[in-house]
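Please work through the following exercises with the sequence and the 3D structure side by side, and try each task before reading its solution.

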Amino acid sequence: MNGIHDMGGMDGFGKVQPQDSEAFHELWEKKIFVANRLVRTESLNAGRSSESMNPVDYLSWGYFGRSLHSLEEKVLRNGLVTEEELKNPEGRLARVVAFPVIKAEEVEARFQTRRGNRIQIDVPPKFRVGDRVIVKNEHPRGHTRCPRFFRGRQGQVERDRGVWPFPDRLAHGLRDKPQHCYSVRFAATELWGSRADPKDRVYADLFEDYLEEAS
Amino acid sequence: MAKKKISRRNFLATGPAVAAGSAISARGLTQESEAVHGTPPSGISLRVQSLISVLTKKGLLDPKAVDALIEYYETKIGPHTGAQVVARAWVDPAFKTRLLENASSTITELGLTGIGNSRADLVAVANSAQVQNMVVCTLCSCYPWALLGLPPSWYKDFAFRSRAVIEPRAVLEEFGMTLEEDVEVHVWDSTADLRYLVIPERPEGTEGMTEEELAALVTRDSMVGVEKLKPYRPEGEV
């Protein structure tokens, strides 16, 4: 979707604050951040739910406010918690059927385990390193990992990064359409015109479905 | 040099422009302002408490696990891990070659397996006298947690996410970096499940140092590509 989260190239957000270098500012930020990671539900890609926030909230809630939104949305959608319970946490709570809760003693092992998303299957690649490609000018309504500022632009395949689930489908819980993901190199001027330094490059990791051969 | 810690509240209190007001500075450009990011609604910490309390009472969340995971993120993962990788790459050119070819498998040589619960593959990109690499995630805030820990606030802020791709040189200047005339800037937008580690150039004056000593010189920001490591001068030497 053409959401507010797709920020590359926007102006007006001010200067970067290198001195603001801690991960957290307040205790509630830590709590909501880890709680969101500990409550795991079957529905995939819950982490992307901040993209469905209204854009005004997205901008004003901050990174950890978006964690709160994400966890609330996840537990409500999965029927684990009701709106009433959130409004009145001291009131009666409905029973929940068995839910796999991660225990303190399991935390380190669970969060150390590397669960790579890449798929070891043989899907023939459509593009080769060095191929000139154009990013399709598509504007899907659902989740996509193709930022707007690359669409319609021409680049060159730098590396083939292997076969992965297609995020645009994975967001809907579908693991069909596994495909190659490529690091694609763009001249900065191709993306930003005369504002860019002709020496500079921008790279993006783009899925095969986002790309077509440059004619 | 001691870094001044500035809380988000201070920004909001002192910054001339905030999201809600979108105040225009004297020169009419919000770009001139300190920082523009949101203010969470008041009472957000209570709302977090309520949610966590409901989840706990319903047996959906173990509060001890919350504390354990916070501790894990704050103490077990961090830039010390990435620094180990960089130091090895500096002393062992064959390791560096393998790292640039396939970082995920190569870091296992250092015993670095299964860290950070990463669903992603790791990619290392090396700086040189001609190239400065820099990492961003414009769509969210993807970051190589396994090697660098959790990202700093500036990495997640809108200013960095929006500007790193369109004006990387201005952003690098804000980090205090000046680039030589002929240097190319290569920006890596982390749009898929690949996480980027920048291998900074080995600083001058470090010849003969051990791998461990070298690792201690590697900063987080240099591995995100927004800092150049300064030539090493032994303490007391001017």
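The exercises below go from the two chains to their contact, then to a shared sheet, a helix and a single residue.

This is a predicted model, in which local features need pLDDT of at least 70 and side-chain atom pairs count only at pLDDT 80 or more, while totals for chains, interfaces and linings use all residues. Residues are numbered from 1 along each chain as its sequence is written, and chains are lettered from A and ligands numbered from 1 in the order in which they are written.

**Exercise 1. The two chains**

Task: Find how many helices and strands chain A has, and how many chain B has.

Solution: Helices (H or I, at least four residues) and strands (E, at least two) are taken as DSSP runs, numbered from the N terminus. On this basis chain A has 6 helices and 5 strands, and their order along the sequence is α-α-α-α-β-β-α-β-α-β-β. Chain B has 12 helices and 4 strands.

The next step is burial, where a residue is buried if 20 or more other C-beta atoms lie within 10 Å of its own, exposed if 12 or fewer, and partly exposed in between, with C-beta atoms placed from the backbone. Of the 215 residues of chain A, 40% are buried, and of the 238 residues in chain B, 48% are buried. The C-alpha trace of chain A spans about 65 × 45 × 35 Å along its principal axes.

**Exercise 2. Where the chains touch**

Task: Determine how many residues of each chain take part in the contact, and which element of chain A gives the most to it.

Solution: Two residues are in contact if their C-beta atoms, placed from the backbone, lie within 7 Å. By this rule 79 residues of chain A are in contact with 82 residues of chain B. On the side of chain A that touches chain B, at least two residues each come from helix H1 (27-38), helix H2 (55-77), helix H3 (83-87), helix H4 (107-112), strand S2 (154-164) and strand S4 (201-207) of chain A. H2(A) gives the most, with 10 residues.

Sorted by class, this side of chain A has 39 nonpolar, 16 polar and 24 charged residues; here Ala, Val, Leu, Ile, Met, Phe, Trp, Tyr, Cys and Pro count as nonpolar, Asp, Glu, Lys and Arg as charged, and the others, Gly among them, as polar.

**Exercise 3. A sheet with strands from both chains**

Task: Work out the order of the 7 strands in the open sheet, and state which strands stand at its edges.

Solution: Two strands pair if DSSP finds at least two bridges between them. Begin within chain A, where strand S1 (residues 132-135) pairs with S2(A) in the antiparallel sense over 3 bridges, and Val133(A) stands opposite Gly155(A) in S2(A). S2(A) also pairs in the antiparallel sense with strand S3 (residues 179-187) of chain A, over 6 bridges, with Gln156(A) opposite Arg185(A) in S3(A).

Then cross to the other chain: S4(A) and strand S3 (residues 184-189) of chain B run parallel and are joined by 4 bridges. Ala204(A) stands opposite Asp189(B) in S3(B), and Arg201(A) has His186(B) as its bridge partner.

The complete order is S5(A)-S1(A)-S2(A)-S3(A)-S4(A)-S3(B)-S2(B), with mixed pairing. Strand S5 (211-213) of chain A and strand S2 (131-136) of chain B stand at the edges with a single partner strand each, so one side of each is left without a neighbour in the sheet.

**Exercise 4. A helix in chain B**

Task: Compare the expected span of helix H4 (residues 79-91) of chain B with the distance between its end C-alpha atoms, and explain why the helix is described as largely enclosed.

Solution: The expected span of a helix is 1.5 Å times one less than its number of residues. For the 13 residues of H4(B) this gives 18 Å, and the end C-alpha atoms are 19 Å apart, which agrees. Because 10 of the 13 residues are buried, H4(B) is largely enclosed by the rest of the structure. Among the buried residues are Val85(B), Val86(B) and Trp90(B). The buried residues of H4(B) pack against helix H5 (93-101), helix H7 (145-148), strand S4 (194-199), helix H11 (211-215) and helix H12 (220-224) of chain B.

**Exercise 5. One residue of chain A**

Task: Decide whether Pro167(A) is buried or exposed, and name the residues that it touches.

Solution: Pro167(A) lies in helix H5 (residues 167-170) of chain A. Since 22 other C-beta atoms lie within 10 Å, Pro167(A) is buried. Leaving aside residues up to four places away in sequence, Pro167(A) touches His143(A) and Arg145(A).
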